[in-house]
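Colleague: I should be grateful if you would take me through this model. May I put my questions to you one at a time?

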Amino acid sequence: MGSGIAQVFASAGLPCRIYDPLQQSRESVRSRVATGCELLGVDVDDVLSRIEVVDDLRSACDAATLIIEAGPESIAVKHAIFSELSEVAPSTSILASNTSAIPIGTIAEAVANPTRVVGTHFWNPPYLVALVEVVQSSATSPDVVQKTMQILSSAHMVPVHVKVDVPGFVGNRMQHALKREAIALVANGVCSAETVDLVVRHGFGRRLALVGPLEQADLGGTDLTLAIHEILMPDIDSTPVPHPYLVAMVERGDLGAKSGRGFFEWPSGDAQRRRAEINQGLVDQSQDTSSSTVEAGHPTGGPAS
Ligand SMILES: NC(=O)c1ccc[n+]([C@@H]2O[C@H](COP(=O)([O-])OP(=O)(O)OC[C@H]3O[C@@H](n4cnc5c(N)ncnc54)[C@H](O)[C@@H]3O)[C@@H](O)[C@H]2O)c1
């Protein structure tokens, strides 16, 4: 994620530095950025000219306006990184974490001044998926949130303000609510895994990039949504723990593409081919100006509240 995030800023003309303690990771930054630039058809050398790879955290932070941590998803590692950042970063730098799940307030415990710690949750790959959830902990200063959103907008991203530091923020909560029901449908024999994915991809998924669930509810009528919820809500899966079907899969080693079998069979090479297809689809989608126009402005001029 770190090299993809650097690519986003460098592509927008903003100079950045990357620090990684592993030499192998530092050495692979250029080729990873080059792969992303080639996919988008942008000038690799131009983008790379604004990315400097360094081998110590202090020089990476020197004069930085915004520092984004994208280290391993471990509280201990994040605490170690933020504790060091608290000492070596300029006092005016915003300290951001790309964590997927760790509360921002927990990460900020390692920092002397937690008002400058904010979540910046990018999606993978950041140069193809524009959303960034800007997560405010109970300690984050509103100015830090606003400045972070401004910087992300200037890098052509789509920042959204998450006002409460809830696990999974907004995107992953919705994504995993859908996954919970998808797994329950398969576990209960309602349909196959293939059918679940076809229903999403060829059904409501086709609309999702153009109209979100709440605008869709308004278009259909909130009374219709209520009528449907009265029937569905008692029946939809609400298990408060991971579904036993998923737990059993993991216990028997059906880990998906990396083990050759998950909900689907994964012969060698298939995962790489699918990832390439998905990335190409995202490139095509991001170059389709009609969808970005719909996304840019609410048709009636803004939300009701
Ligand atoms: N991969 C995704 O789809 C995705 C999406 C959104 C958010 N995230 C989050 O982004 C973060 C990074 O995820 P990733 O998939 O890029 O992980 P990764 O394991 O691919 O990369 C982590 C990098 O951190 C480096 N590192 C290790 N210790 C470090 C330290 N002390 N200081 C600085 N760097 C250190 C590693 O060498 C490695 O290059 C995680 O918090 C993850 O949850 C990942």
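Modeller: Please do, and bear in mind that this is a predicted model. A suitable place to begin is the contact in which Ser3, Gly4, Ala6 and Gln7 of helix H1 meet Val29, Arg32, Val33, Gly36 and Cys37 of helix H2.

Colleague: How do the residues of the contact of H1 with H2 divide into nonpolar, polar and charged?

Modeller: H1 brings Ser3, Gly4, Ala6 and Gln7, and H2 brings Val29, Arg32, Val33, Gly36 and Cys37. Glycine is counted among the polar residues here. The division is therefore four nonpolar, four polar and one charged.

Colleague: Are H1 and H2 parallel or oblique to each other?

Modeller: Helix H1 covers residues 2-11, and its axis lies 9 Å from that of H2. The two pack at an angle of about 60°, and their crossing is right-handed. Angles of 65 to 115 degrees would count as roughly perpendicular. At about 60°, H1 and H2 are therefore oblique.

Colleague: What is the orientation of H11 relative to H12?

Modeller: Helix H11 spans residues 213-220 and helix H12 residues 222-232, with their axes 5 Å apart. Their packing angle is about 105°. Because angles of 65 to 115 degrees fall in one class, H11 is roughly perpendicular to H12.

Colleague: Which residues in H12 are met by Ala217, Asp218 and Gly220 in H11?

Modeller: The contact of H11 with H12 comprises two nonpolar, three polar and one charged residues. Ala217, Asp218 and Gly220 form the H11 side. Their partners in H12 are Thr222, Leu224 and Thr225.

Colleague: How far apart do the C-alpha centres of domain 1 and domain 2 lie?

Modeller: Domain 1 runs over 2-162 and domain 2 over 171-296. The distance between their C-alpha centres is 28 Å.

Colleague: Which elements each supply at least two residues of the side of domain 1 that touches domain 2?

Modeller: The contact draws eight residues from domain 1 and six residues from domain 2. On the domain 1 side, six are nonpolar, one is polar and one is charged. The elements that each supply at least two of these residues are helix H2 (23-40) and strand E6 (131-135).

Colleague: Which helix gives the most to the shell around the ligand?

Modeller: There are 18 residues around the ligand, and Met1, Ser25, Glu73, Ser100 and Asn124 come nearest. By class, the shell holds nine nonpolar, seven polar and two charged residues. The helix that gives the most, with three residues, is H5 (residues 75-88).

Colleague: Where is the cis peptide bond?

Modeller: Most peptide bonds are trans. Here, proline 125 sits in the loop between strand E5 (117-122) and E6. With omega at about -10°, the cis bond joins asparagine 124 and proline 125.

Colleague: What is the phi of alanine 63?

Modeller: Alanine 63 is placed in the loop between helix H4 (57-61) and strand E3 (66-69). Most residues other than glycine have a negative phi. For alanine 63, phi is positive, near 65°.

Technical notes:
Residues numbered from 1 in each chain as written. Predicted model: local features only at pLDDT ≥ 70, side-chain atom pairs only at ≥ 80, totals over all residues. Near = placed C-beta within 6 Å. Helix = DSSP H or I, 4+ residues; strand = E, 2+ residues; numbered from the N terminus. Domains from an automatic or database assignment. Contact = placed C-beta atoms within 7 Å. Axes fitted to C-alpha atoms, helices over the stretch in contact; angles between N-to-C directions. Parallel < 35°, antiparallel > 145°, perpendicular 65-115°, else oblique. Left-handed = near helix turned anticlockwise from the far one by under 90°.
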